[in-house]
Amino acid sequence: MRLDIFTMVMFFVSFFGLITSRTIIKSIVFILIMQTSVVMFWLIVGNMHGSLPPIDVYNIDAENISDPLPQALMLSAIVIGISVITVSITMFNNLFRKYETASWDHMEKVYSNEGEGEQ
Amino acid sequence: MMNIILIVLFAYLFFSMIRVAIGPSVWDRLSGLNLVTTKIILVIVIFASINETTYLLDFAMIYALSGFIGTIFITLFLSNRNRRKLEEFKEDAETEQENE
Amino acid sequence: MNIPITEIALSLWVVCAVLIVFTKKMYRIIITFGVFSLIGALSYLFLGSPDVAMAEAAVSAFVTIFFIVCIERYYKFGMGLEDEQAEEKVKFSAKSVGRILAPTGFCVGLFWLAMQHLPMDDAVTVLRDQYLARFMYDVGGMNAVASIVLGYRVYDTLFEALLLVVSVVAVAHVSWYDKAEMIDRRHSEIKNSGVARFTMRVVCPIIIIFGAYIIANGHLTAGGGFQGGLAIATFFICRYLVYDINDLPIAKVMRMEKLVFVNITILPVLAVFTGVTYFATYILPLTSDVYLVAMNILIGFKVACGFFVLFYRFVAIERW
Amino acid sequence: MLEYISFAIMGLGLIFMFFGIVGIMQPNKDFYYRLLVTCKIDTVGIITFFIGLAVRHGISFFTGKIVLILIIMLILNPLVTHMVARSAYRGGYVSKDELEKRKLR
């Protein structure tokens, strides 16, 4: 059974959620889920020849070891993901202090009214 | 034999997840989250015991610590949120639980 | 008998994500997201990547706390419930049906396109074999992932550390901060519960020792600077739960984090780019281990400082 | 022989946890009922299970780590249960009996 199909399904399910969600926090959650599914995809691609972790390499059969390069890259990806999430949550908090709403539609409406008022 | 134990643990994990999904109140879901964490720790320990590797046990430790911190924070914030409502508690107790 | 544990874990993972998509209330979403990230880390472990699994499991607690802080304010203003009820009471009309059907069709189409170009079964393994055969002599250590992160691809680690510093600075400068409102706030709500305070005091030293163990053994077994730093940062959460925080020097910690970051950029330049470790593996075998442990300790210190600042920013300032 | 004893002890732990699962799947009971039944029995199951694993591996590094995790779980699992129950009590959870009493007033 091919394991990539799980991550494909996950990616598009979270993409669907990202499009249809009306509150901002939910969108941030779905961005995080999309990132997780991409990480899982690269780990599965590195896993195609074996699933043993690349630790104590000289004591185990070299054919069954998974690829260490995608794991090193995905370690960076997780750090970058949490940085992006914290900054976006802070931006949401500031927006919420200013407009006092969490819905995309309502915030757009308030924002356009404000722009007209200034002109 | 160990595989049978793994299958049973996965079944328990699934039922705990059902409580997370359908629980009528937030605190039901929280206790379900605690159960899921313990079941996952047991799965990791069994996995380490099958492979005869000791470093996998570090994961059980870090799962225990991180899961406990997250759950405790959710409980703190929940009790803060509803304290004001409890003081104003009158006849509308039923709607409280529906609002969750 | 071999049971397909990876498939079982991945299908539970997908079930959690589908639950999150069809849930409206934010508290339910956060709790389900906790289950989601725990099961995701479990499947990382089954896929043979313990370092990534440890990072994900340690990060999940912090992500939960950040989202909870965000949501608490959202409910306190009384706006959240109205938004959610408005979301539930969507009238059945052509526009609402189109709003659901069009994204569904779009996603299914993209999914069909993606299924046409799945990666081949015979993935290229030249680089993997090179790394696995040579990493012990080039960089040292027993963990291939740690030696790739700290040896072959130090550039990536440097930019990752830079990004964390930038995000901490951004959170500290973007977020709203009024010093007058910070006075006379009772921060730790747990104080009334004697059981919890006592247990926290028992757990705190175990957390510190465990984090130091993970950092110091990062080049031998799974783990490393990032994971150990996160484990040490949870110590500060316990400290927040037990004591007050008015005496904490947040600005000093931020300055310290930047200084450590400068050290992180200087050390690989001295060690790797001049080739000291490469020569040293043949003459003095311990030198490369000293380099790896020093890098791990620096990264762990930096990550602990960064998450300390992020946590206190969110819990003590953003929350109110 | 030692292996069969360890499997027996682990099976006992699984049976304890099964009672816990039955307890949490009660649909018509209160939250406090479910919490009381489940979390106590779950802790007992964890202890029994880890003792079985320790018997299986004998005296070794693995057993030492298992004992460490057992101590951590023994401290933290009741703490989480306590915090959840406390939060439910302070946060305004009303059980069915309490609801009927308040209606009668």
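## A look at chain C and a few spots in its neighbours

Walk along the sequence of chain C and you get the pattern α-α-α-α-α-α-α-α-α-α-α-α-α-α. That is 14 helices and zero strands, where helices (H or I, at least four residues) and strands (E, at least two) are DSSP runs, numbered from the N terminus. Keep in mind that this is a predicted model: local features need pLDDT of at least 70, side-chain atom pairs count only at pLDDT 80 or more, and totals for chains, interfaces and linings use all residues. Residues are numbered from 1 along each chain as its sequence is written, while chains are lettered from A and ligands numbered from 1 in the order in which they are written.

On confidence, pLDDT is the predictor's own score for each residue, from 0 to 100. Here are the values for chain C.

| Part of chain C | pLDDT |
|---|---|
| Whole chain C | average of 80 |
| Helix 9 (residues 179-182), lowest | mean of 56 |
| Helix 2 (residues 26-46), highest | mean of 89 |

Across chain C, 81% of the residues score at least 70. Where pLDDT is low, the predicted coordinates should not be read in detail.

Of the 320 residues of chain C, 46% count as buried, meaning 20 or more other C-beta atoms within 10 Å of their own (exposed is 12 or fewer, partly exposed is in between, and C-beta atoms are placed from the backbone).

Now for a helix pair. The axes of helix 6 (residues 126-138) and helix 7 (residues 144-152) of chain C come within 10 Å and cross at roughly 65 degrees; axes are lines fitted to C-alpha atoms, for helices over the stretch in contact, with angles from 0 to 180 degrees between N-to-C directions. On the helix 6 side, Tyr131(C), Leu132(C), Phe135(C) and Asp138(C) meet Ala144(C), Ser147(C), Ile148(C) and Gly151(C) of helix 7, contact being C-beta atoms within 7 Å. These residues divide into five nonpolar, two polar and one charged (Ala, Val, Leu, Ile, Met, Phe, Trp, Tyr, Cys and Pro are nonpolar, Asp, Glu, Lys and Arg charged, and the others, Gly among them, polar).

Chain C also touches chain A, with 74 residues from chain C and 69 residues from chain A. Helix 3 (residues 50-76) of chain C gives the largest share of the chain C side, 13 residues. That side splits into 50 nonpolar, 12 polar and 12 charged.

Two backbone details elsewhere: Glu52(B) isn't a glycine, yet has a positive phi of about 60 degrees. Glu52(B) sits in the loop between helix 2 (26-51) and helix 3 (57-87) of chain B. In chain D, Gly58(D), just after helix 2, takes a positive phi of about 65 degrees.

Notes. Contact = placed C-beta atoms within 7 Å.
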